[in-house]
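Trainee: I should like to work through this model with you, beginning with its core and then turning to one helix.
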Amino acid sequence: MTTRLCIVRHGETDWNVEKRIQGHTDIPLNATGRAQALAMAFHIAHHPFHALYSSDLTRALVTAQAIAARIEQGIRLLPGLRERHYGDLQEHTAAEIAARDPALHALYKARDPDTRFGSGESLVEFAQRVRHTVEWIGRHHAGHAVAVVCHSGVLDILYRQATGRPLTTARDFVIPNCALNWFAVDAHGLHLQSWADRHHLQHVLTEAAE
């Protein structure tokens, strides 16, 4: 049986704006992110869901809470949906890393599959975690639709898995905050159905209202 997954990246944070690597650092949504979450939740509530899962990091959980307020499902937290742990790179921008350690920055930009950046996860380890977590959701909700809130790195892995792109190639696709991304999971694997639907965000305020 096929499980349909609507997978959503959390709303915007200040560190997203600064292009600062968050990883497992628990950063809250900013005002734009909260507005994005509300607009997305209003739209996604038009679809019936059998369950709602979220990463346990605050930026994802608060986004999921906006959905939960609109649908008749509680939030089930799954640490397996967390962003990749970037170890020593967390809390820094790519420019800061390049200035401090050009060799480390080169490994980061090259998407080296085995580098852990100190205490973090390698890209291969992260991809395995993401695949196992999504496969578990698929098995436990066969024949139903499930909403999932997670992070850009998680969606990066799933997009590559569904389209056959290698882990190590540069990202050539967008992963907008609070866009809807639809996948199907069945006995043959993961299939991409719709990517980066964000028309519901067209009128979200990006500045504070007067």
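The exchange below concerns the nonpolar core and helix α2.

Mentor: This is a predicted model, in which local features need pLDDT of at least 70, side-chain atom pairs count only at pLDDT 80 or more, and totals for chains, interfaces and linings use all residues. Residues are numbered from 1 along each chain as its sequence is written, and side-chain values use heavy atoms, with hydrogens and water left out.

Trainee: Which element gives the most residues to the largest nonpolar core?

Mentor: A nonpolar core is a set of buried Ala, Val, Leu, Ile, Met, Phe, Trp, Tyr and Cys residues joined through side-chain atoms within 4.5 Å; buried means under 20% relative accessible area, exposed over 50%, partly exposed in between (1.4 Å probe, protein chains only). The largest such core has 27 residues. Elements giving two or more residues to this core include β1, α7 and β6, these being DSSP runs numbered from the N terminus (helices: H or I, at least four residues; strands: E, at least two). With 6 residues, the greatest contribution comes from α6.

Trainee: Within what arc do the buried residues of α2 fall?

Mentor: The buried residues of α2 include Thr32, Gln36, Met40 and Ile44. The arc is taken from the directions from the helix axis to the C-beta atoms. Because the buried residues lie within this arc, they line one face of α2; its value is 165°.

Trainee: Which residues are exposed on the other side of α2?

Mentor: The buried residues of α2 are covered by elements including β1 and α3. On the other side, the exposed residues are Ala31 and Leu38.

Conventions: Contact = heavy atoms within 4.5 Å.
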